[in-house]
Amino acid sequence: MLLTLIELIFVTYCLVYLIGFLILDCDFWLAFLELFGNNIGHLKGQVVWITGASSGIGEGLAKALTRYGVRVAISARRVEELERVQRECLVGSKLLSENDILIVPMDITKIHTHQECLNRVLAHFGTLDILVNNAGRSQRAIWQDIELEVDRQMFELNVFGPVSLTRLAVKYFLQKGTGHVAVTSSIAGVIPAPYSATYTGTKHAINGYYGSLRIEKMDTKITVSILCPGPVHTNFLSESFTTRPGEVLEQSTSSTDNRMTADRCGYLCGIALANKVTEAWMAKFPVLPITYAFVYWPNFCKLVIKCVGPKTFLKLRDSKDTLSTNNAAR
Ligand SMILES: NC(=O)c1ccc[n+]([C@@H]2O[C@H](COP(=O)([O-])OP(=O)(O)OC[C@H]3O[C@@H](n4cnc5c(N)ncnc54)[C@H](OP(=O)(O)O)[C@@H]3O)[C@@H](O)[C@H]2O)c1
């Protein structure tokens, strides 16, 4: 009798995971929170500063937040694109006026400008509640061809930029007594992505850095979210670093690729912020179950990689061999 009950629980457990892996586009906890946790309206009236908001996931997040009356500061280098995002946010939000969406042009790698940018946000809104470090670029490259200068530039952009801005924000949050820091990492920050060594390095650094910060500040009201998207439809591939400084991949995603939309990813990031989730994974099948498998059965996964080879991973990630027309040809 007891054995039958244990068997039944085990089978149900396996079935829930199997079905979840097929239908979910985020980890189980985030999916639960989307249904039963705080919705984005929980943040209404708060001020969120999003870097990298001129396109992609940052734009999707700005739209999701403003729809629920959250005030935002949006940053990036392309001011015309920020103005477009501001206009589109205003069209989608009945709760905000132009004054509630502040454009703060910023190159995240110019660290000496960070304090001035933070001051602009504080002078305009009088407060800051959440900083979302989202600006960043990816990479497609064969490891031995990567020039050290590319490693340097990617770490400047994906790691030192966010870390510098976070230092200033956390200093302010500590004075204020409360605040939330989020960072857009990647599934490549959870499991290693072949043909993206520098990018994987930057995102693992982010997960380690912000994981450490989160634990260190546990006894304060400073909280940290690490947001880890899988493949998303954005400008990401065209802007990806390759092996040489100044070179970009110049490839686009196609509508048939197995990626989630930037709006959906932005919305899920909003749910993660509203619930102060410590780490969120946002990816469709098969990337979601692969991530679970890597984290919970690493040895089994090592065997599988040996059998299927690294190029299979590239194809799963990009829905095609993105290296065949670029670096691999050299
Ligand atoms: N798309 C994916 O599949 C995917 C998967 C996992 C993680 N991510 C992460 O998601 C984040 C956003 O990427 P995305 O996919 O939304 O790509 P995206 O559409 O290319 O957006 C990148 C954003 O970063 C900004 N940016 C780039 N360099 C900058 C700089 N030096 N200073 C300030 N802003 C800069 C860009 O704005 P400007 O060019 O106007 O400056 C843009 O707003 C990145 O951190 C990325 O690692 C993306």
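Select helix 3 and colour its buried residues (buried meaning under 20% relative accessible area, exposed over 50%, partly exposed in between, with a 1.4 Å probe and protein chains only): Gly-56, Ile-57, Gly-58, Glu-59, Gly-60, Leu-61, Ala-62, Lys-63, Ala-64, Leu-65 and Thr-66. The model is predicted, so local features need pLDDT of at least 70 and side-chain atom pairs count only at pLDDT 80 or more, while totals for chains, interfaces and linings use all residues. Residues are numbered from 1 along each chain as its sequence is written, and side-chain values use heavy atoms, with hydrogens and water left out.

**Helix 3**

Helices (H or I, at least four residues) and strands (E, at least two) are DSSP runs, numbered from the N terminus. In helix 3, 11 of the 12 residues are buried. From first C-alpha to last, helix 3 reaches 17 Å, close to the 16 Å expected at 1.5 Å a residue; the expected span is 1.5 Å times one less than the number of residues. Step just past helix 3 to Gly-69, where phi is positive at about 80°.

**The ligand**

Next, select the ligand and the 29 residues that surround it, each with a heavy atom within 4 Å of it. Ser-54, Arg-77, Arg-78, Asn-134 and Thr-234 are the closest. By class, this shell holds 12 nonpolar, 12 polar and 5 charged residues. Here Ala, Val, Leu, Ile, Met, Phe, Trp, Tyr, Cys and Pro count as nonpolar, Asp, Glu, Lys and Arg as charged, and the others, Gly among them, as polar.

Three distances to ligand oxygen atoms may be displayed. A polar side-chain atom of Arg-77 lies 2.7 Å from one oxygen atom of the ligand. For a side-chain N or O atom of Lys-203, the distance to a ligand oxygen is 3.0 Å. From Gly-56, a backbone N or O atom lies 3.5 Å from an oxygen atom of the ligand. The protein covers 95% of the 880 Å² of accessible area that the ligand has on its own, as computed by the Shrake-Rupley method with a 1.4 Å probe. Helix 3 (56–67) and helix 7 (197–216) are the elements that give two or more residues to the shell.

**Helix 6 and His-114**

Move to helix 6, residues 148–176. Its 29 residues should span 42 Å at 1.5 Å a residue, and the end C-alpha atoms are 40 Å apart, which agrees. At Glu-156, helix 6 bends by about 40°, the angle between axes fitted to the seven residues ending there and the seven starting there. Gly-177, just after helix 6, takes a positive phi of about 100°.

Then select His-114, in helix 5 (residues 114–125). Because its relative accessibility is 0%, His-114 counts as buried. Its side chain makes a polar contact of 2.7 Å with the side chain of Ser-164; such a contact is a pair of N or O atoms within 3.5 Å, where within protein one must be able to donate a hydrogen and the other to accept it, and residues adjacent in sequence count only if both atoms are side-chain atoms.

**Backbone exceptions**

Most residues other than glycine have a negative phi, and most peptide bonds are trans. Select Glu-250, whose phi is positive at about 55° although it is not a glycine. Glu-250 is exposed, with a relative accessible area of 67%. Finish at Pro-286, in the loop between strand 9 (279–282) and helix 9 (287–296). The peptide bond from Phe-285 to Pro-286 is cis, with omega near 5°.
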